[in-house]
Amino acid sequence: MAGTDTRVTDEEALLLHSSGRPGKLEVTPTKPMGTQRDLSLAYSPGVAAPCLRIHQDPSTAYDYTAKGNIVAVISNGTAVLGLGDLGALASKPVMEGKAVLFKRFADVDGLDLEVDTRDVDEFINCVRFLGPSFGGINLEDIKAPDCFIIEQRLREIMDIPVFHDDQHGTAIIAAAGLFNALELTGRDIQQSKMVINGAGAAAIACAELFKAMGFPPANITLCDTKGVVWKGRTEGMNQWKSAHAVHTDARTLADAMKGADVFVGLSVKGAVTPDMVRSMAANPIIFALANPDPEVTPEQVREVRGDAIVATGRSDYPNQVNNVLGFPYIFRGALDVRASTINDAMKIAAAKALAALAREDVPDEVDAAYAGRRLRYGPEYIIPVPFDPRLIVTIPAAVAQAAMDSGVARKPIVDMDAYRRSLRLRLDPTSDSLQLIFEKVKAAPKRVVFAEGEEERAIRAAIAYRAAGFGTPILVAREEVVRERMEAMGLANLEPLEVWNARLSRHNERYGQFLYQRLQRRGHLFRDCQRMVNQNRNVFAACMVASGDADAMVTGLTRSFSVSFEDIERVIDPTPGHLVFGLSVLATRARTVFIADTTVHERPTSEQLVDIAIQAARTARQMGHEPRVAFLSFSNFGQPMRDRAAHVRDAVALLGARNPDFEFDGEMSADVALDHELMKRLYPFCRLSGPANVLIMPALHAANIGAKLLQKFGGGTLVGPLLIGTDKPVQVVQMGATANDLVTAAVMAAHDAMVR
Ligand SMILES: NC(=O)C1=CN([C@@H]2O[C@H](COP(=O)(O)OP(=O)(O)OC[C@H]3O[C@@H](n4cnc5c(N)ncnc54)[C@H](OP(=O)(O)O)[C@@H]3O)[C@@H](O)[C@H]2O)C=CC1
Ligand SMILES: CC(=O)C(=O)O
Ligand SMILES: [Mg+2]
């Protein structure tokens, strides 16, 4: 079973919770608190101003306080996962967990509140007065039927969204998974028979949503601790169970499971036996969702049924049907439009968006987060995984749109595209610095050739490039190989990609002549050139770009940088008067920094450093960053005066003589370059008006090591190294690049083609 190596022991979990600062979260200020003035502004006397504003107009609380981004996770601990009534205090680890999931996946500030009462009225009275503090209320792990009464009453009396996660979050995710599982097993929802074990919060909400999706009410049988919930039963009943009672002769779970198409467990560990599984219909769908241990394990199912689609609520098996896929994003969308409630339209929109996302190609980053499992729509992947970065864009946008369409949005979004961009930015700081370029390329799409067109990553990148509207991707490949790969990836139904076969292309004669003109005095015969065009895909792709058949090219997946670059150099020269070098872009939430030369010149001379600085500054500006260039060294402005820093000092002087139109200075150490306060204090004469954002390194090893250290410890994302200075747009990715990296490189190459 995939993923078993991700199992954890109790000891490991206890150690995690107790190590360092106990628990899982802390509060971080968002405003500076370093000086007396900071205190005067943020606290007394300054804080009086927003208080008075809010008093005059309560809606401004969303502008002057954190209210609009805080969701309270509230429980009384009466149904903690499937562990039962552990009480308020013992539920705190789960509630802290939900709070951090809010933050991690949707940038919502979750705050856990454990309310120590089992009395429904006391609980409601406690929560109802907390409304001013929060943008929304996420009720969690409150047992049925109390949870139904609590949620209903709080929804009536509070003016912010109140959402019982175990009911609706679970139902939304289960509905999305079920929708796909039915499709994969070729079932008609109208003809399918389902058994739900459990008749509590999660089970009742699931039954309701499944019926709303089209499941015939008579085909869903609920079971609880007393067995089947049948019409006429009196023991252990309540009005919510009665609403789902069915006419049936079945009295036990085992009776009900015979011939059932779908089983949904929302009860307790081990409630289902292998015999029950054996008695189900062909290709059964089994959602054993009790946490932390399912009603029946996937291993137990496999022993008796090889034809089942199995889902659990856990992270360590395939098909995790868990409300973590819902509540962060549903609240994100609801908060962003200041929805007064979370209604059925918003829930259904979330379920549909989740189901649709599972059918799309999965980015490599997501596979990597799951120990390299290749996630592909099918029986072992019916629902997106929690670490899928597309969720933060797709689900809140669908929820926000549904809130607007159904009239509960108090602050509708005017520009949905801008909203989607802002969502992406919440979790991915690079998206901001690259966004400008992405938008420009979409406005002027380009033909980009992917030289290694038979590689799966290249095919997926080409599909993504086209789907995003960046232009036309061209694969250098054999058509039949691309077709086979797309079939194997489950993408055969897509419109075919443009493929150029280097061996058979009618352009080969022309490319061969072109190459011969360039290489005849470098020891190459015409037939050598023709062979290179036929056999070397980098050469062929470069010829396409050189002769205008494509606007730009990307390569690098299968050969090292130097080998790929050598191929390209045969066809494409440096831009006259320019140097070819590597520029790495490190983007963090706080800043974007350009670092050069990270690939080509091992020990650049002063003159080369100057050229690198000028070209790096130009690229930074093209990417929307006003350059502040620092020439880095181990010394600062001649202290200590050592020979090794001399070529850097000379470069600063040489650049000064060329009177560039950007700020620059040096030599200086990295800490001074990046900390403007320190720079002003120690070197008030320094010409940079802010922290440097273009770092010119003294040598290749320092550049390469520095960029990677920054990425590792700075927590940002490294883009590139981008190849700068070639006469035609070319990008060479690193061999370990993902399909996503390749798309970024293709867009950078397309952008390069645009700005020339
Ligand atoms: N994967 C996910 O995302 C989620 C999973 N869950 C899981 O669902 C389960 C129920 O949670 P929740 O609805 O909040 O809790 P509730 O306390 O509201 O409901 C529990 C239900 O389970 C029934 N039950 C308990 N033991 C058995 C048994 N041996 N056989 C049949 N039914 C039984 C109870 O029956 P009775 O009414 O007779 O007492 C009750 O109807 C938990 O295991 C929880 O972890 C919940 C939310 C999300
Ligand atoms: C996942 C969840 O909320 C539960 O098991 O209760
Ligand atoms: Mg729960």
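In the predicted model, Met194 stands opposite Val262 of strand β8. This pair belongs to the contact between β8 and strand β5, residues 194-197. The two strands run parallel and are joined by four bridges. Within β8, Phe263 is the bridge partner of Val195.

On β8, Phe263 also has a partner in strand β9, namely Ile286. Strand β9 spans residues 285-288. Its pairing with β8 is parallel and again comprises four bridges. In general, strands of a sheet pair through backbone hydrogen bonds, in either a parallel or an antiparallel sense.

These strands belong to an open sheet of six. The strand order is β7-β6-β5-β8-β9-β10, and the pairing is mixed. The edges are held by β7 (227-228) and β10 (309-312). Each edge strand has a single partner, so one side of each is left without a neighbour in the sheet.

Strand β8 covers residues 262-265. In a regular strand, side chains alternate between the two faces of the sheet. Val262 and Val264 lie on one side of β8, and Phe263 and Gly265 on the other. These four residues are all buried, and both faces of the strand are covered.

The domain assignment divides the protein into five parts. Domain 1 takes in residues 4-160, and domain 2 residues 165-316. Domain 3 (326-426), domain 4 (436-569) and domain 5 (581-725) are also assigned. The centres of domain 3 and domain 5, taken over C-alpha atoms, are 39 Å apart.

An unreviewed UniProt entry annotates residues 22-155 as "domain: Malic enzyme N-terminal". This span is 40% helix and 12% strand. The C-alpha atoms at its ends are separated by 34 Å.

The unreviewed UniProt entry also carries an "active site" annotation, which covers Lys98. Lys98 sits in helix α5, residues 92-106. Lys98 counts as buried because 24 C-beta neighbours lie inside 10 Å; the cut-off for burial is 20 or more. Apart from neighbours within four places in sequence, Lys98 is in contact with Val73, Gly110, Asn138 and Glu140.

Ligand 1 is surrounded by 30 residues. The closest are Gly82, Gly200, Asp224, Ala290 and Gly313. Two or more shell residues come from each of α8 (165-184), α9 (201-213) and β6 (220-224). Helix α9 gives the largest share, three residues. By class, the shell around ligand 1 holds 14 nonpolar, twelve polar and four charged residues. Both domain 1 and domain 2 contribute to this shell, so ligand 1 lies between them.

Ligand 2 has its own set of residues around it. These are Leu81, Asp141, Asp165, Asp166, Asn291, Gly313, Asn322 and Asn323. One of the residues in this shell is nonpolar, four are polar and three are charged. Gly313 appears around ligand 2 and is also listed among the closest residues to ligand 1.

Technical notes
Residues are numbered from 1 along each chain as its sequence is written. Chains are lettered from A and ligands numbered from 1 in the order in which they are written. This is a predicted model: local features need pLDDT of at least 70, side-chain atom pairs count only at pLDDT 80 or more; totals for chains, interfaces and linings use all residues. A residue is near a molecule or strand if its C-beta atom, placed from the backbone, lies within 6 Å of it. Ala, Val, Leu, Ile, Met, Phe, Trp, Tyr, Cys and Pro count as nonpolar, Asp, Glu, Lys and Arg as charged, and the others, Gly among them, as polar. Domain bounds come from an automatic or database domain assignment. UniProt positions are given in the numbering used here, feature names are shortened, and annotations may be inferred rather than shown by experiment. A residue is buried if 20 or more other C-beta atoms lie within 10 Å of its own, exposed if 12 or fewer, and partly exposed in between; C-beta atoms are placed from the backbone. Two strands pair if DSSP finds at least two bridges between them. Two residues are in contact if their C-beta atoms, placed from the backbone, lie within 7 Å.
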